[in-house]
Amino acid sequence: MSRRQKWVIGGLLVALIVAAFLSPFASTKPDGLERVAEDHGFLEKGEGKEVIKSPIPDYVMPGVANETLAGSLAGVVGTLLTFILFVLVGKILFRRSGDYADRKPGMGPGAKGGSL
Amino acid sequence: MHIPDGFVDLKTGVTTAVMSAAALAVAVKKSRETGDQKQVPLMGVMAAFIFAAQMVNFPVGGGTSGHLLGAALATYLLGPWSSMLVMSTVVIIQALFFQDGGVTALGSNLLNMAVLGSLVSYLIFRLLGDGRKVPVFVSALLAGAASVLVAATACSLELAVSGTVPLKVVLPAMLGWHVLIGTGEGLITGAILAYLTRTQMLPEITGSTASMRR
């Protein structure tokens, strides 16, 4: 396993730990914008205005009775989804930047991007 | 500060969406010039970590909370253009899958948190010498706080232009809370970057990227 792969796996593990085990300790108080909307009477302008129906609204996994578990599951699913979607989109966006497939391994600093 | 549906009007939503799309087009181009395909998994990890960290609201007193934005962290580690792409992915996923931030306000949320958050962080890091003139903790503290305050200012302007709330009401209120939230942002960003610097992990992470430490 390369160092870079170790970083990717280690970083992903840290993210999953945060999502699963720190998110249950998150403050449930309104955030800055919600608080301002409450204080200055425009919170109701957003109520019931949702244009789409999200599958996991408010980071609570539907159908899971235990509230803590529902939040942690939502966090783990979202963290993995974010990673997977970024990598998929990234591979498409960066497809033509540098001909990495053609390079032999171990070409050193010359393998840096920027051939565009 | 994810703006929900109903807070910004059509013209503001469309205008900010066009601005964000233009910025992201530049970000894709610049990232392609400086990054490489091998950096994509690391950027994905950054996005995943920021998604997770944004779930962890911390109390700031007065019955209010905030959470990490992550733009300053991503900008330091990946450079401003890749940071914009990472932050945008997070904001889009939050809106589509978690009902956090409205779809009609997506352009505004992208502009505030992904585009402006990254650009402001980049300016501060550049001004303070990329962690060399000033200890990285201090520059990260200031970049983190500034990114949150500028995003909160832009958010206030969008709400005011939409006729949701007068600017003279919303701006001081938003800045008041976000001074506290921005301090949290700065402390967390500073702690993470100071730790990575002390343990000499940074060169390994950012070795071949457009990071601020190049």
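These legends go with a set of close-up views of a predicted model.

**Figure 1. Chain A is built from helices.** Chain A has three helices and zero strands, so to speak an α-α-α run when you read from the N terminus. Of its 116 residues, 34% count as buried. Take the contacts in chain A between residues at least 6 apart in sequence, and 36% of them join residues at least 24 apart. The accessible surface of this chain comes to about 7,300 Å², and carbon and sulfur atoms account for 63% of that.

**Figure 2. How confident is the predictor in chain A, and where does pLDDT stay under 50?** The mean pLDDT of chain A is 85, with 82% of its residues at 70 or more. Among the elements of the chain, helix α1 (residues 3–22) has the lowest mean, 93, while α2(A) has the highest, 97. Residues 99–116 of chain A are the stretch where pLDDT stays under 50. For that stretch the model has 22 contacts beyond four places in sequence, and those are worth viewing with the pLDDT in mind.

**Figure 3. Confidence across chain B.** Chain B averages a pLDDT of 93, and 92% of the residues score at least 70. Confidence in this chain is lowest in helix α8 (residues 202–206), where the mean is 66. At the other end of the scale sits β2(B), with a mean of 98.

**Figure 4. A cavity lined by residues of chains A and B.** Search the whole structure and you find one cavity of 30 Å³ or more. About 90 Å³ of space lies inside the largest cavity. From chain A, the lining has Asp31(A) and Gly32(A). From chain B come Met1(B), Ser65(B), Gly66(B), His67(B), Leu68(B), Leu69(B), Met113(B), Val148(B), His178(B) and Ile181(B). Two elements of chain B, β2 (64–66) and α7 (167–198), each supply at least two residues of this lining. By class, the lining residues split into six nonpolar, five polar and one charged.

**Figure 5. The largest pocket holds about 1,200 Å³ of space.** It has 39 lining residues, and the closest to the pocket's centre are Glu34(A), Asp58(A), Tyr59(A), Asn57(B) and Asp100(B). On the chain A side, α2 (32–39) and α3 (67–93) each give at least two residues to the lining; on the chain B side, α4 (80–98) does so too. The most comes from α3(A), with four residues. Sort the lining by class and you get 13 nonpolar, 16 polar and ten charged residues.

**Figure 6. Arg35(A) in contact with chain B.** Arg35(A) lies in helix α2 of chain A. Is this arginine buried or exposed? Arg35(A) has a relative accessible area of 18%, so it counts as buried, the cut-off being under 20%. Leave aside the neighbours within four places in sequence, and Arg35(A) is in contact with Pro30(A) from chain A, plus Gly62(B), Gly63(B), Thr64(B) and Trp177(B) from chain B.

**Figure 7. Ala52(B) in contact with chain A.** Ala52(B) lies in helix α2 (residues 40–54) of chain B. Its relative accessibility is 0%, so Ala52(B) counts as buried. Setting aside neighbours within four places in sequence, the contacts of Ala52(B) are Ala15(A), Val18(A), Ala19(A) and Thr79(A). Ala52(B) and Leu68(B) are 16 residues apart in sequence, and their C-alpha atoms are 9.7 Å apart in space. Leu68(B) also turns up in the lining of the largest cavity.

**Figure 8. Thr16(B) and its contacts within chain B.** You'll find Thr16(B) in helix α1 (residues 10–34) of chain B. Thr16(B) counts as buried because its relative accessibility is 5%, and the limit for buried is under 20%. Beyond four places in sequence, Thr16(B) is in contact with Gly107(B), Ser108(B), Leu111(B) and Glu158(B).

**Figure 9. Leu149(B), a partly exposed leucine.** Leu149(B) is found in helix α6 (residues 136–161) of chain B. With a relative accessible area of 26%, Leu149(B) is partly exposed. Not counting residues up to four places away in sequence, Leu149(B) touches Leu175(B), His178(B) and Val179(B). One of these, His178(B), also lines the largest cavity. Leu149(B) and Leu180(B) are 31 residues apart in sequence and 9.7 Å apart in space, C-alpha to C-alpha.

Key. Residues are numbered from 1 along each chain as its sequence is written. Chains are lettered from A and ligands numbered from 1 in the order in which they are written. This is a predicted model: local features need pLDDT of at least 70, side-chain atom pairs count only at pLDDT 80 or more; totals for chains, interfaces and linings use all residues. Side-chain values use heavy atoms; hydrogens and water are left out. Buried means under 20% relative accessible area, exposed over 50%, partly exposed in between (1.4 Å probe, protein chains only). Contact means heavy atoms within 4.5 Å. Accessible areas come from the Shrake-Rupley method with a 1.4 Å probe; for residues, only the protein chains shown count as cover. On a 1 Å grid over the protein atoms alone, a cavity is a set of points where a 1.4 Å probe fits but cannot get out, and a pocket is an open set with protein on both sides within 12 Å along at least five of seven lines; lining residues have an atom within 4 Å of a point. Grid points are joined across faces, edges and corners, and a volume is the space filled by probe spheres set on the points. Ala, Val, Leu, Ile, Met, Phe, Trp, Tyr, Cys and Pro count as nonpolar, Asp, Glu, Lys and Arg as charged, and the others, Gly among them, as polar. pLDDT is the predictor's confidence in each residue, from 0 to 100.
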